[in-house]
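Student: I'd like to learn how to read a protein model. Could you walk me through one?

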Amino acid sequence: MSQLIGAIDQGTTSSRFIVFDGAGRIVTCRQREHAQIYPRPGHVEHDPAEIWRNVQAVMREALDAAGLTPRDLLSIGITNQRETTLIWDRRTGAPLHNALVWQDTRNDRLVAEYARESGRDRYRALTGLPLASYFSGLKLRWLLDHVAGARERAEAGDVLFGNIDTWLVWNLTGGPEGGLHLTDVTNASRTQLMALETLAWDDGMLSAFGIPRAMLPAIVSSSQVYGETRVPFAGVPIAGILGDQQAALFGQTCFRPGEAKNTYGTGCFALMNTGGTPVPSTSGLVTTVAYKLDGEPAVYALEGSIAITGALVQWLRDNLGLIRDSAEVEHLAATVTDNGDVYFVPAFSGLYAPHWNEGARGLIIGLTRYANKGHIARACLEATAFQTREVLEAMEADSGIRVRELRSDGGMVANVTLMQFQADILDVPVVRPVVTETTALGAAYAAGLATGYWASPDDLVRNWGVDRRWSPDMDADQRRRIVSAWGRAVKRSFDWATQED
């Protein structure tokens with residue numbers, strides 16, 4: 001009998017294949033980065049063919065490294081960067097254009113046009129989402145409007161649409177030779193084309209955005225057997241799909257209403273489980289599907305998405321040359337005792353939750369002759385924590401539930417300075433689990449539940465354990481003072497870029 005579960009973790013900067021055992025521990029892992037393509041300011045693209053090649057490579061390499069074969073895998077789960085949008089030829093599998101990454105803002109004029117009539121919340125009650133360049137629907141509309149012949153071919157059924165999960169499943173199950181065209185409810189909920197209550201593509205949204213239904217994938221549960229792989233190896237069931245942030249929530253076993261996690265990666269993504277009823281947001285969050293197990297009702301979440309967190313550290317490294325390696329930012333920040341009254345608002349492509357101000361741009365404010373690069377490094381780290389606080393405050397306002405503990409995961413949780421400051425600024429404990437690869441783990445859990453590897457979510461809760469806990473240790477007056485200063489800095493970043501720009 002097979003003893004292991006595989007997970008494809010296709011992220012913004014790389015693709016990984018991780019194999020887990022029954023305790024949720026990593027058996028083997030391989031990773032490959034892919035190119036970040038910036039054709040012009042505000043445009044961010046990925047090559048879908050490169051991503052598919054990398055996924056195949058890491059799947060083979062991970063098994064080879066551990067002396068495993070496909071027969072050792074009971075099933076495979078998939079987790080993916082969400083909102084990243086692509087279209088491809090049904091017959092050849094060739095993409096018609098590079099994928100538009102979730103950070104891409106080229107559709108901002110479309111957003112403004114749709115918001116002009118009834119505001120950004122025009123479709124929020126139906127889809128849970130405000131009008132923003134972030135989501136897939138208007139990215140898809142841009143592709144149909146700007147790629148020669150795309151709309152006509154899509155209406156004829158010759159062009160398929162998907163986020164990265166759909167692209168991978170289609171290729172894994174045969175591509176042009178009978179590949180499955182589907183997406184799970186978590187990814188579908190990020191398109192602004194699915195109704196939250198019905199979990200189905202909404203005819204009104206398709207008409208409003210001008211999207212041909214023939215190009216859309218089928219919507220399925222997050223945990224069920226969809227089909228078997230044919231490439232790069234045959235016969236392994238694909239049994240779980242979750243968008244990356246929902247996968248992290250699942251991997252953190254946040255199965256009860258009020259439980260929350262924050263993933264510290266390229267951006268930050270905080271989610272709170274709100275149970276079986278979607279909770280509308282009036283505080284700048286989005287209402288999304290958390291997960292849906294096969295045959296069971298959907299579970300919903302409130303989410304706050306922050307565009308730039310870990311990417312800000314990369315910016316200090318690559319654009320300013322203040323550090324040679326991302327890990328050095330903590331050492332540089334530790335050369336000073338506080339931020340020197342310097343605040344860094346990283347609105348490089350606007351601000352996401354809870355502000356949703358696409359005209360905002362990045363700023364460093366509070367500079368005096370006293371400030372040095374250590375203060376800038378500390379302000380860089382603190383920006384992540386301040387933005388997370390804004391999101392959690394909004395969650396509490398919308399849900400009426402007090403966050404008692406924040407479960408953390410992602411690459412930045414290794415930064416002790418950041419994690420302690422996060423606890424201080426939230427005034428609640430921040431917890432790092434034993435297994436921090438919770439995104440891939442969540443996809444593996446979904447696949448394992450569907451194929452009987454784990455009997456129930458209770459088995460997954462028993463797997464979860466604490467590696468480290470940070471408790472708040474900041475004076476309340478100091479907290480109020482610096483939170484107020486951060487708020488003033490954020491407001492100064494608003495609306496710097498105009499439509500004329």
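Tutor: Sure. Let's begin with one term: two strands pair if DSSP finds at least two bridges between them. Keep in mind that this is a predicted model.

Student: Okay, so over how many bridges do strand β17 and β18 pair?

Tutor: Strand β17 (residues 286-291) and β18 are joined by 5 bridges, in the antiparallel sense. You can pick out partners across the pair: V289 has Y300 of β18 as its bridge partner, and V286 stands opposite E303 in β18.

Student: Which strand do 7 bridges join to β18?

Tutor: That's strand β16 (residues 268-275), and β16 and β18 run antiparallel too. Look for G275, which stands opposite Y300 in β18.

Student: How do I read the whole sheet, then?

Tutor: Follow the order of the strands. Here 7 strands make an open sheet in the order β17-β18-β16-β15-β21-β22-β23, and the pairing is mixed. The edges are β17 and β23 (466-470); each has a single partner strand, so one side of each is left without a neighbour in the sheet. From one strand to the next, the twist averages 30°.

Student: Is β18 buried or exposed?

Tutor: For a residue, buried means under 20% relative accessible area. In strand β18 (residues 299-306), 8 of the 8 residues are buried, so β18 is largely enclosed by the rest of the structure. Now check the two directions: V299, A301, E303 and S305 point one way, Y300, L302, G304 and I306 point the other way, and all are buried.

Student: What lies across β15, β21, β22 and β23?

Tutor: Helix α13 does, running at about 55° to β23. The strands beneath that description are β15 (260-264), β21 (406-409), β22 (430-433) and β23.

Student: And how do I describe two helices that pack together?

Tutor: Give the angle and the distance between axes. For helix α13 (residues 416-426) and helix α16 (residues 476-493), the packing angle is about 100° and the axes are 9 Å apart. Angles of 65 to 115 degrees count as roughly perpendicular, and α13 and α16 are therefore roughly perpendicular to each other. From α13, the contact is made by F421, D424 and I425; from α16, by R479, I482 and V483. Sorted by class, the contact of α13 with α16 has 4 nonpolar, no polar and 2 charged residues.

Student: Why might a helix have a buried side and another face that is exposed?

Tutor: Start with the geometry: an α-helix has 3.6 residues a turn, so residues three or four places apart point the same way. Now try helix α2 (residues 108-118), where L110, V111, Y114 and A115 are buried. These four cover an arc of only 125° around the axis, which puts them on the same side of α2. On the face turned away from that buried side, you'll find the exposed residues R109, R116 and E117.

Student: What covers the buried residues of α2?

Tutor: The cover includes α4 (136-146) and α8 (203-209). Just past the helix, α2 is followed by G119, whose phi is positive, near 85°.

Student: Can we practise on another sheet?

Tutor: Good idea. This open sheet has 6 strands in the order β3-β2-β1-β5-β14-β13, with mixed pairing. At its edges are β3 (26-33) and β13 (223-228), each pairing on one side only. The twist averages 25° from one strand to the next. Zoom in on strand β2 (residues 14-20): β2 and β3 pair in the antiparallel sense over 7 bridges, and V19 stands opposite T28 in β3.

Student: Which strands does helix α1 lie across?

Tutor: Helix α1 (residues 48-65) lies across β1 (4-10), β2, β3 and β5 (73-80), and runs at about 150° to β3. Helix α9 (residues 244-251) lies across β5 and β14 (237-243), running at about 105° to β14.

Student: Last one: how do I read a single residue?

Tutor: Ask where the residue sits, how covered it is and what it touches. L182 belongs to strand β9 (residues 182-184) and is buried, with a relative accessible area of 7%. Leaving out residues up to four places away in sequence, L182 touches D165, T166, V169, P217, A218, V220, Y226 and I241. Sequence distance and space distance tell separate stories here: L182 and I219 are 37 residues apart in sequence and 5.9 Å apart in space, C-alpha to C-alpha.

How values were computed
Residues numbered from 1 in each chain as written. Predicted model: local features only at pLDDT ≥ 70, side-chain atom pairs only at ≥ 80, totals over all residues. Heavy atoms only, no water. Axes fitted to C-alpha atoms, helices over the stretch in contact; angles between N-to-C directions. Parallel < 35°, antiparallel > 145°, perpendicular 65-115°, else oblique. Contact = heavy atoms within 4.5 Å. Nonpolar A, V, L, I, M, F, W, Y, C, P; charged D, E, K, R; others polar. Buried < 20%, exposed > 50% of the residue type's maximum accessible area, 1.4 Å probe, protein only. Arc of directions from axis to C-beta.
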